[in-house]
Every structure is written in C-alpha cells, then in structure tokens.
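The exercises below concern a single protein chain, and each task is followed by a solution that goes step by step. Please keep the sequence and the structure in view while working through them.

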Amino acid sequence: ATRRARPLPPSMRVYDGVLGAAACGVLHACVAASGLGHRCYEPTKPRTPVERSISSILHELGDDAPVIEYWSRQEWKHIEAHTDVDETLAAEQEIFRTPRHAHVLYLQVGSKVQGPTCVFDVTNGDELRRGATLTVVPAVSGRLLRFDGSLLHAVPRPHDLWTLPFVSRQRREPAHEWGRAVVLFNTWPDASRPPLGVSWEPPALTDTPTAELSDAPAAACAPAATWSEQ
C-alpha cells in the first residue's frame with residue numbers, strides 16, 4: 001500500500017471545523033456518560049445531543065439517509081482493518097451488508113495522540129493483498145471523516161505499528177495526553193432494513209447532571225460554509 005497525496009479520492013471527504021470547542025465538550029461529556037454501545041435512530045427525530053449533532057451534520061451534507069447507526073470510543077485503541085457491516089446479519093446468515101457512508105467525528109484528542117484513521121481503497125482482504133492505496137487521516141478535534149461505507153479501514157496503535165518489529169505496552173492515562181474520543185456513525189439507505197439487533201432506545205446518561213448535556217445549540221455543528229475541506 002502507498003500513501004495517497006491530495007486530492008482525496010471521490011469516495012472520501014475530510015472536513016475541519018465541523019464542531020467548535022464547546023460542541024466537542026458537550027458531546028464528549030455525553031459519550032462519556034452514555035457508554036459505547038451501538039444505537040439506531042431516525043435522523044429527523046434526534047433525542048440526545050449526540051443525535052442532534054449527527055443530524056445537523058447530515059443536514060449540512062445534504063444526506064437524506066433514513067437510518068443512522070452510531071457508537072463511540074473513548075481511548076486510542078488499535079483496531080484491525082475491517083469493513084463496517086450489519087453484524088447480526090453477517091453472523092447469522094453470512095450476508096455482508098455495508099452502510100452507504102461511514103463517519104468518524106473526532107471530539108477530544110490527547111496531546112500525545114497521533115491516532116490516525118487509515119482508509120484503504122478496497123473492500124476486502126483479498127483485494128488488499130493484491131495491492132491497495134492507503135489514505136491516512138490524523139485525529140484532530142472537531143474534524144469529520146466521511147467515506148464510502150464499503151471500504152476497509154483501521155486505527156493503528158502506535159501510529160507506525162505496521163513498520164515496527166516489536167510493540168511495547170501502550171499508555172492510556174492521563175486522558176488529556178492519551179485520550180481519543182470519537183463518535184462513529186453509519187448511514188443506512190433503506191428504512192425497512194436497518195442493521196439487525198441494534199437498539200433503538202436512547203442511551204441512558206449516568207454520572208452527569210442532565211442539565212449539562214441538554215444544550216442543543218452547543219451540540220449542533222457549524223454551518224457547512226465555514227468548514228475547511230482538506
């Protein structure tokens with residue numbers, strides 16, 4: 001695989017300035033209080049600050065997908081190359097259905113985190129072994145990565161993992177140095193075929209006063225005209 005220079009391929013977009021510092025703070029508090037599990041919702045009926053933020057982003061992008069699946073991560077964790085799929089359908093019927101678009105919304109990025117998302121221009125391991133182009137997107141607070149939902153992607157830790165002969169244990173604390181808080185969300189194009197087995201219940205918020213998490217204006221994204229496309 002070789003690193004792709006600009007411009008980005010048509011299947012991928014990177015935008016900076018999608019969220020301001022206040023919105024990142026509100027959403028970071030939300031995902032820390034609500035856990036990491038997958039949820040689904042209708043984008044026209046958001047119920048939480050995280051869902052309102054996602055819906056505002058998709059509105060700015062002109063994306064009319066009827067079903068959104070989302071989840072979060074709070075740490076810089078090594079994630080092997082994979083494609084997002086309807087996991088229950090894959091496990092039960094070996095049918096590999098992918099979303100229309102996949103997204104990474106970067107909230108909090110520690111001062112020592114390089115933590116890129118790496119996207120390959122192929123959809124499976126066989127294609128990868130025959131050769132692929134790799135796009136490396138560094139983690140930046142307020143950034144949005146959007147790409148074709150069928151593409152392989154990964155998060156190496158350390159960032160140069162694939163070139164090292166040996167990897168020692170990686171630090172996780174303190175969070176302001178090593179945290180990598182992201183919201184991940186997929187758009188599914190068919191309202192009658194949402195991903196199977198994913199809860200439609202809004203997440204329960206714990207350990208954080210509701211008032212701190214209810215600021216809808218702060219959770220909304222910036223207007224698309226102010227985003228900086230990379």
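**Exercise 1. Strand order and pairing**

In which sense do β3 and β4 pair, and over how many bridges? Continue from there across the sheet, and identify its edges.

*Solution.* The model is a predicted one. Step one: β3 and β4 pair in the antiparallel sense over three bridges, and within this part of the sheet Tyr 41 stands opposite Ile 68 in β4. Step two: β4 is joined to β11 by eight bridges, the two strands running antiparallel, and here Ser 72 stands opposite Val 183 in β11. Step three: β6 pairs with β9 (residues 144-148) in the antiparallel sense over five bridges, with His 101 placed opposite Asp 148 in β9. Step four: the full order of the open sheet is β3-β4-β11-β6-β9-β2-β12, seven strands with antiparallel pairing. The edges are β3 (39-41) and β12 (228-229), each of which pairs on one side only.

**Exercise 2. Helices on the sheet**

Determine which strands α1 and α2 meet, and describe the directions of the two helices.

*Solution.* Step one: α1 lies across β4, β6 and β11, and runs at about 100° to β6. Step two: α2 packs on the sheet as well, where it touches β2 (12-16), β3, β4, β6, β9 and β11, and its direction makes about 60° with that of β11.

**Exercise 3. The contact between α1 and α2**

How do the axes of α1 and α2 cross, and which residues make the contact?

*Solution.* Step one: the two axes come within 9 Å and cross at roughly 130°, which means that α1 is oblique to α2. Step two: α1 contributes Val 26, Leu 27, Cys 30 and Val 31 to the contact, while α2 contributes Pro 49, Val 50 and Ser 53. Step three: sorted by class, these are six nonpolar residues and one polar residue, with no charged residues. Step four: take Cys 30, found in helix α1, as a single example. Its relative accessible area is 2%, so Cys 30 is buried, and its C-alpha atom is separated by 7.0 Å from that of Val 50, although the two residues are 20 apart along the chain.

**Exercise 4. The nonpolar cores**

How many residues does the largest nonpolar core have, and which of them have the most contacts inside it?

*Solution.* Step one: the largest core has 26 residues, and those with the most contacts inside it are Val 18, Leu 19, Ile 54, Leu 105 and Phe 185. Step two: the elements giving two or more residues to this core are α1 (21-34), α2 (49-61), β4 (67-75), β6 (101-109) and β11 (179-188), and the largest share, six residues, comes from α1. Step three: a second, separate core of 14 residues includes Val 14, Ala 102, Tyr 106 and Leu 184. Step four: consider Leu 19 in detail; beyond its neighbours within four places in sequence, its contacts include Cys 24, Leu 27, Ser 53, Leu 105, Leu 107, Gly 142 and Ala 219.

**Exercise 5. The chain as a whole**

What share of the residues is buried, and what does the secondary structure come to?

*Solution.* Step one: buried residues make up 47% of the 230 residues in the protein chain. Step two: the secondary structure comes to six helices and twelve strands. Step three: among contacts between residues at least 6 apart in sequence, 83% join residues at least 24 apart.

Conventions
Residues are numbered from 1 along each chain as its sequence is written. This is a predicted model: local features need pLDDT of at least 70, side-chain atom pairs count only at pLDDT 80 or more; totals for chains, interfaces and linings use all residues. Side-chain values use heavy atoms; hydrogens and water are left out. A nonpolar core is a set of buried Ala, Val, Leu, Ile, Met, Phe, Trp, Tyr and Cys residues joined through side-chain atoms within 4.5 Å. Buried means under 20% relative accessible area, exposed over 50%, partly exposed in between (1.4 Å probe, protein chains only). Helices (H or I, at least four residues) and strands (E, at least two) are DSSP runs, numbered from the N terminus. Contact means heavy atoms within 4.5 Å. Two strands pair if DSSP finds at least two bridges between them. Axes are lines fitted to C-alpha atoms, for helices over the stretch in contact, and angles run from 0 to 180 degrees between N-to-C directions. Angles under 35 degrees count as roughly parallel, over 145 as roughly antiparallel, 65 to 115 as roughly perpendicular and the rest as oblique. Ala, Val, Leu, Ile, Met, Phe, Trp, Tyr, Cys and Pro count as nonpolar, Asp, Glu, Lys and Arg as charged, and the others, Gly among them, as polar.
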